[in-house]
Amino acid sequence: MQYVRPFRGVVLSVLFGVALLFVGCDSGGVNGGNQPPTVDIAVSSSTVDVGTQVVLDGSGSSDPDGGTLSYSWSLNTPSGSQASLSDASVVQPTFTPDVAGDYTATLEVSDGDATRSASTTITAESAQASTTELSGTISSDSTLTADRNYLVTGPLTVADGAMLTIEPGVHLPFESGAGLYINSNSVLDADGTSSEPITMTATNGNKQAGWWEGVFIFSAEPNNLLNYVEIRHTGSGSPNSIGEEAGVAVAGGSALSVTNTTIAESDAYGLYLNEADATLDAFSNNTFSGNADAPVYIPFTNIGLIDSGSSFPDGTTVRVWGTTITGDKDVTVNALSDNTPYRFTDGTSSIGVATGGNSTVTINPGVEMRFAADVGLHVNDGSVLSAAGTAEDPITMAATMGNAQQGWWQGVFVFSGNANNRLDHVEVRHAGSSSPNSTGDGGVVIAGGSALSVTNTTITESGAYGLLMNEADATLDAFSNNTFSGNADAPVYIFFNDIGMIDNGSSFPDDSTVRVRGMTISGDRDMTVNALSGDTPYRFTDATPAIGDPTGGSSTVTINPGVEMRFAADVGLYINNGSVLSAAGTAGDPITMTATAGNAQQGWWEGIYVFSDNPNSRLEYVEVRHAGGGSPNSVPEAANIGVSTYSTIEVSNSTIKDSGNHGVFCDSPSSLTGSGNTYQNNAGQDVAGCQ
């Protein structure tokens, strides 16, 4: 049975002030009837000031068998301490604490056969044991030092022009409702270290979210700094001008650097910027945890400062409220640690302004952006959105969690003609809820006069179109290897002048069409129309497309084998003065020009009309069906194929059928050449007026 010596209160209270008894674990065992010793540690005081000598006493230890004891002491010291024992083998060694913290002394006692050990802890406090209470206004430069104890009892304000310096190791407990306020032109310099962080927290016994208000910055001074600071238990309230509770809040027009800092257990946001012109001068390697709302809530103007090295809890988001990046700024959006997404809310985020500026926002691979209802991302005149992910690490733009549905958020709208706008390896999902200024709804929308490259990108579950070009002068600078699915309207809606950009490597859903708006290809352009994957057809609608301008120009449109073109009611295809339509299929892979799905009837669409004397226009292995529903004013008879005066076309090995009038009509003098054609079920003549 282990022996514990009674507390020697009377004697040791005189000699040392405090006596502590410990019984350690037996490191030996009974050996020939030997009983292990007992361990008794007494200390002069369990709490001392830094610089006060501590006496350790092991003389109360004993051996039940009356043997001689030997002593071996060790001392574990806090970070930064150089304190050591006077002699580790004597019964009463001493040491002097040199920094504040806990010192753990361990004594091992041996009787030669068995050993036992025990430990005790001595807490060293700053030399001044008294507490300095802080509240009210700091009106001149002041420094808080680690050798003092502090208590913030009420609102503490740093007045205009003053600097508050907080040294490493300072501990600032705040009473309920207290807070720290840095006024205009004043400075907060809280610069801790990794080994001696600054702590701002609740008073003892009150470590709970929402105990004190937090740190509020109303100063634009670039020297405002939180570095290696721990801020906990905040969010009880905020000044009226801030509007939201937070552990740390930066007001409009103010600035702060936040690095290597922990903001935790706020009853509201962790870090909050309340206006578009609030500024983070630096932000890196910070840690957020246990905050009731988002760990970070910032304007879009500051999104580029959030680094990939900071840590956010699982299931949280960095919340971004919509504002406009003005001027000529370059902003890079980083992928966040642990796949934390950005959550866009409270208004649309815009790159640049419509009246000018040349800002660039670069989105790095792996970034995940989640958008609230009817919120969008706009790229304005002269500015650039460069969103380039990778196959392994795509960029994601989608609805907020729990709202994965068609048409949840607005989408990406490009109002800039800058050729550097691009989406590459980007997933755009759940957009198409609405559009600005009647632009038209879509997951991605290119406005008139604007340009965008879309490659290796997925656009899915739009409440409207997938990709929409809303004016004839909107431009696709590149389009390849894209995927569309689940969009409520057509996956792609483009103008005829961009039809050649749609590649055969992109993927479209079954039974969908690439919708083409009719317009005139002017100037001298060469364009090739590709057969689409999955036998997806082009659907021509809204107006008749024309190759070349009637007043001049010499454009060429080449249609590759396997292309299927479906025409809405009363829509046709015109080849104007000097221009060329070269539609050459093969016997195994013909080109098809017919009515829109469900409208396979004579005379549904207008037909192909040639107003060009260029001899290179031809139809070979082409099926022209269900046209002849009307003709331009200059051609007197409707037909599947109409040739105007002084115009020519070659038609070979083609099928012309189901016309609402003639199969082919020539308005003399004109020329039709070719052979091997098949005519079926035309309401008028198969060939009329042709020589």
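Here is a walk through some aromatic rings, two charge-over-ring contacts and a few paired strands in this predicted model.

Let's begin with the rings. Searching the whole structure turns up 20 aromatic pairs. One of them is Tyr269 with Tyr272, whose ring centres are 5.9 Å apart with 20° between the planes. Pairs with planes under 30 degrees apart count as stacked, so that is the label Tyr269 and Tyr272 get. Buried or exposed, these two tyrosines? Both Tyr269 and Tyr272 are buried.

Aromatic residues also gather in a bigger group than a pair: Phe300, Phe344, Phe371 and Trp409 make up one aromatic cluster. Keep Phe344 and Phe371 in mind, as they come back with the strands.

Now for the strands. Take β30, residues 342-345, and look at what it pairs with. On one side of the story is β27 (residues 318-321), which runs parallel to β30 and is joined to it by four bridges. Then there's β33 (residues 368-371), also parallel to β30, with three bridges between them. Which residue of β33 does Phe344 stand opposite? That would be Phe371, and both of these phenylalanines belong to the aromatic cluster above.

Back to the β27–β30 pairing, where Arg319 has Arg343 in β30 as its bridge partner. The side chain of Arg319 has a ring contact too: its charged end sits over the ring of Tyr297, 4.4 Å from the ring centre. A second contact of this kind involves Arg517, with its charged end over the ring of Tyr493 at 4.3 Å from the centre.

How values were computed: Residues are numbered from 1 along each chain as its sequence is written. This is a predicted model: local features need pLDDT of at least 70, side-chain atom pairs count only at pLDDT 80 or more; totals for chains, interfaces and linings use all residues. Side-chain values use heavy atoms; hydrogens and water are left out. Rings of Phe, Tyr and Trp (its six-membered ring) pair if their centres lie within 6.5 Å; planes under 30 degrees apart count as stacked, over 60 as edge-to-face and the rest as tilted. Buried means under 20% relative accessible area, exposed over 50%, partly exposed in between (1.4 Å probe, protein chains only). A charge sits over a ring if NZ of Lys or CZ of Arg is within 6 Å of the ring centre and within 35 degrees of the ring normal. Two strands pair if DSSP finds at least two bridges between them. Helices (H or I, at least four residues) and strands (E, at least two) are DSSP runs, numbered from the N terminus.
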